[in-house]
Amino acid sequence: MIKYKTAEEIELMREAALVVSRTLGEVAKVLKPGVTGLEIDKIAEECIRDQGAIPGFLGLYDFPNTLCISPNAQVVHGIPSDKPFEDGDIVSVDCGAILKGYYGDHAYTFELGNVKPEVRELCKVTKECLYKGIEATNGSNRISDIGFAIQQHAEAHGYGVVRELVGHGIGSTMHEDPQIPNYGKRGRGKKIKNGLTIAIEPMINMGTEKINQLEDGWTILTGDGMPSAHFEHDVAVVNGKPEILSTFDYIYEALGIK
Ligand code: MG
Ligand code: MG
C-alpha cells in the first residue's frame, strides 16, 4: 500500500534528505585516490550524527556500515573496505539517514582522477537517466512511466539497465511501496498522485544488464566486470509536479563544479 504524505511530512522528509546531501558533500571533500572506503564511512557516520540524525543503513537488514560504497564494476550495496581507491576509479556512494522518524536515501557516483572518457560518459548518462525519471514523476503519468523514461535514455546509449534492483517509496521506513523499476512499459501501475514520495535510483551498466552477488551476501557486481554507475534522489509529488527533496549542490560545491 502506498503511504501518501502530507505537506508537513514532506517537509520532514526534506530535512532528512538534506542530512544525506550534506553528508555526501563531506564525502566529496575527502574521496580521493589513496583514501579507503572505511575512512569515508567513518566521516559520513560522524557527519550524520553531528546533524542530530542516525545512519539509516547501519544495521538495516544487518548491513554493517553507514555507507554503501561500490567502486567500478560494483553496482550497489558494496561494503566499505580498507582497500585504497585508485586513480581512474568511479565510486558510487549511497547514504541513508533517519531524522525525526523519516528517512533520506540518496547516492552519487564520484569520478576519481583520470577516469576514461567512456566511463565518464556512463556517469553522465546515468545522471541524465535520473533526471529523466524525475521529470516523468508527474500527475499526468503512471508509475511505470518513470522506468520507461530511464530505460529509453540508457538503452539509447547502448547501456544495460539493471532489472533486479529498483527504486522505492520512502518515508518513515526506508523501503515502502511502490517499487520503482528502472525499466518498463508506458502507462502501467498506479497513477502518480500528490504526496507520493519515492527514491529514484537508476543503476546503469556499461555492458550487460546482468548482475552477480558476491559471497558477502551484499555486494552486487556487473555480470561482465564492466563499470556501473548509480545516482539517486528523493522526490515528492507536489501540485502534480516532482519536487527533489535531496540535492547534489553540496557535492558540486565541494568539487568546484557547476
Ligand atoms: Mg540509496
Ligand atoms: Mg534507495
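Is Arg120 buried, exposed or partly exposed? Arg120 is partly exposed, with a relative accessible area of 41%, in what is a predicted model throughout. The points below deal with the two magnesium ions, the residue Asp105 that coordinates both of them, the salt bridges, of which a search of the whole structure finds 13, and the cysteines, for which the count comes to 0 disulfides.

**The magnesium ions**

- The magnesium ion (ligand 1) has as its protein donors Asp94 (OD), Asp94 (OD), Asp105 (OD) and Glu232 (OE), which lie 2.0 to 2.4 Å from the ion, and along the chain these donors follow the spacing D-x10-D-x126-E.
- Because Asp94 lies in strand β4 (residues 90-99) and Asp105 in strand β5 (residues 102-111), this pair ties together parts that are 11 residues apart in sequence; Asp94 and Asp105 are both buried.
- For the magnesium ion (ligand 2), the protein donors are Asp105 (OD), His168 (NE2), Glu201 (OE) and Glu232 (OE), lying 2.1 to 2.2 Å from the ion, with the spacing D-x62-H-x32-E-x30-E along the chain.
- Here Asp105 in strand β5 is paired with His168 in strand β7 (residues 167-169), so that parts 63 residues apart in sequence are tied together; His168, like Asp105, is buried.
- A distance of 3.1 Å separates the magnesium ion (ligand 1) from the magnesium ion (ligand 2), and Asp105 coordinates both.

**The surroundings of Asp105**

- Although Asp105 is buried, it has no salt bridge, and the nearest side chain of opposite charge, that of Lys5, is 12 Å away.
- The side chains of Asp105 and His168 are joined by a polar contact of 2.9 Å.
- Leaving aside residues up to four places away in sequence, Asp105 touches a set of residues that includes Asp94, His168, Glu201 and Glu232, and among the others are Val20, Phe57, Ile170 and Met174.

**Salt bridges**

- Glu176 and Lys5 meet through their side chains in a salt bridge of 3.0 Å, N to O, which links distant parts of the chain, since Glu176 is in strand β8 (residues 176-180) and Lys5 in the segment before α1 (7-30), 171 residues apart; both Glu176 and Lys5 are buried.
- In the salt bridge between Glu15 and Lys100, the closest N and O atoms are 2.9 Å apart, and because Glu15 lies in helix α1 and Lys100 in the loop between β4 and β5, the pair ties together parts that are 85 residues apart in sequence.
- Glu15 counts as partly exposed, at 33% relative accessibility, whereas Lys100 is exposed, with a relative accessible area of 57%.
- Glu111 forms a salt bridge with Arg120, the closest N and O atoms being 3.4 Å apart, and Glu111 counts as partly exposed at 33% relative accessibility.
- Salt bridges that share partners also join Lys3, Lys5 and Glu176 into one network.

**Cysteines**

- The sulfur of Cys47 has its closest cysteine sulfur in Cys95, 8.1 Å away, which is too far for a bond because a disulfide needs the two sulfur atoms to lie within 2.5 Å; Cys47 is buried, with a relative accessible area of 13%.
- The sulfur of Cys123 is likewise too far for a bond, because the closest cysteine sulfur, in Cys129, is 12 Å away; Cys123 is buried, with a relative accessible area of 1%.

Methods:
Residues numbered from 1 in each chain as written. Chains lettered and ligands numbered in written order. Predicted model: local features only at pLDDT ≥ 70, side-chain atom pairs only at ≥ 80, totals over all residues. Heavy atoms only, no water. Buried < 20%, exposed > 50% of the residue type's maximum accessible area, 1.4 Å probe, protein only. Donors = N, O, S within 2.8 Å, 3.2 Å for Na, K, Ca; no water. Helix = DSSP H or I, 4+ residues; strand = E, 2+ residues; numbered from the N terminus. Lys, Arg positive; Asp, Glu negative; His and termini not counted. Salt bridge = Lys/Arg side-chain N within 4 Å of Asp/Glu carboxyl O. Polar contact = N/O pair within 3.5 Å; in protein donor to acceptor, adjacent residues only side chain to side chain. Contact = heavy atoms within 4.5 Å.
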